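Welcome! Please take a look at the sequence and the 3D structure below, and then let us walk through a few places in it together.

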Amino acid sequence: MRKFVSCLMLAVLVAVPFTALAEDEAPVPAEELKPVAERSVDAAAMKLVDAAKEKMFSNRAAGLKDLSCNVTMKNPMMAGDFVFAVSYEAPDKSEVKLTSVPAEMEAMRPMLEPQLKPQVENMVVQFYKNETFQDLEKYNVALKEGAENTIVLTAFAKDADAKRREIIFGEDGLPKRMLETGAQGEVEINVTFKKVDDKFLMATVGVQTPNGPVSIKFEHEKSGKFWLLTKEVMNVEMMGLEITFTVSDYKVNSKAATPAETPATPEKPGDKPA
């Protein structure tokens, strides 16, 4: 699931990779040299990407270095709560541990843990790794012909997740829709944002898959200069299933996080009791 969502929270590497021989190395015989295809990156397309990145809030840009938290997962198909301890150190070091399972499912822990940990990693840690447009270096990037607000990504690296992606940007400059062709077939993703301070945070994601629609809603809370993820609700419509991830007990940059105080509303002259 996050493979589709994470392409909207990504790291942009614009430089085309190249190989150079060190001066003290012997040159490779001409017959052993193989031509290396160059990645194609369109400047106009990258201008759209960079403009969107500038508008989107990033905890890392705000100074996030490390954090820890607890994540409680509720899945109606599994009895009781599953609790995970999560730690993250910028830019990409993280650890997820399953710390508590319902007593009646303890015997199944060895089987469940490797299945559930990636879900928490994808649902929570990726929010804080939110370098916009991750894995873009694995794709050729072009502006769609006849559409100034759409970029087209085609697989360049062998390990690219999709063969082709289209990302459509809204009038506000933010990515609002994506069409992807991959092993799962055709997938459509629609995204909405909410404004926080002078930036934007992802609020909802709707995914139209060959197996039916899936929607995700995000809740956030401000702590100091950071916006922390407090809850994610995933609704799998085909199964009538709602899975929730509640995040608590934050420590940010090694200090306990506290909700930002809401400024008191000034009283008007007529508000005071007589």
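How many salt bridges does the structure hold? There are ten salt bridges, a salt bridge being a side-chain nitrogen of Lys or Arg within 4 Å of a carboxyl oxygen of Asp or Glu. Side chains of opposite charge can pair when their charged atoms come close.

A word on the model before going further. This is a predicted model, in which local features need pLDDT of at least 70 and side-chain atom pairs count only at pLDDT 80 or more, while totals for chains, interfaces and linings use all residues. Residues are numbered from 1 along each chain as its sequence is written, and side-chain values use heavy atoms, with hydrogens and water left out.

Here are some of the salt bridges:

| Pair | N to O distance |
|---|---|
| Lysine 74 and aspartate 81 | 2.8 Å |
| Lysine 97 and glutamate 95 | 3.8 Å |
| Glutamate 106 and arginine 109 | 2.9 Å |

Several of these residues can be placed on a scale of accessibility, where buried means under 20% relative accessible area, exposed means over 50%, and partly exposed lies in between (1.4 Å probe, protein chains only). Lysine 74 is partly exposed because its relative accessible area is 41%, and its partner aspartate 81 is partly exposed at 32%. In the next pair, lysine 97 has 46% and is partly exposed, and glutamate 95, at 40%, is partly exposed as well. Glutamate 106 is partly exposed too, with a value of 37%. Elsewhere, salt bridges link Lys144, Arg164 and Glu166 into a network.

Now for a single residue: is histidine 220 buried or exposed? Histidine 220 is buried, because its relative accessibility is 11%. You can find this histidine in strand E10, residues 212-223 (strands are DSSP runs of at least two residues, numbered from the N terminus). Its side chain makes a polar contact of 3.1 Å with the side chain of lysine 194; such a contact is a pair of N or O atoms within 3.5 Å, one able to donate a hydrogen and the other to accept it. Beyond its neighbours within four places in sequence, histidine 220 is in contact (heavy atoms within 4.5 Å) with residues including Phe127, Leu201, Trp227 and Thr230.

Methionine 238 makes a good last stop. This methionine lies in the loop between strand E11 (226-236) and strand E12 (241-252), and methionine 238 counts as exposed because its relative accessible area is 57%.

Conventions:
Helix = DSSP H or I, 4+ residues; strand = E, 2+ residues; numbered from the N terminus.
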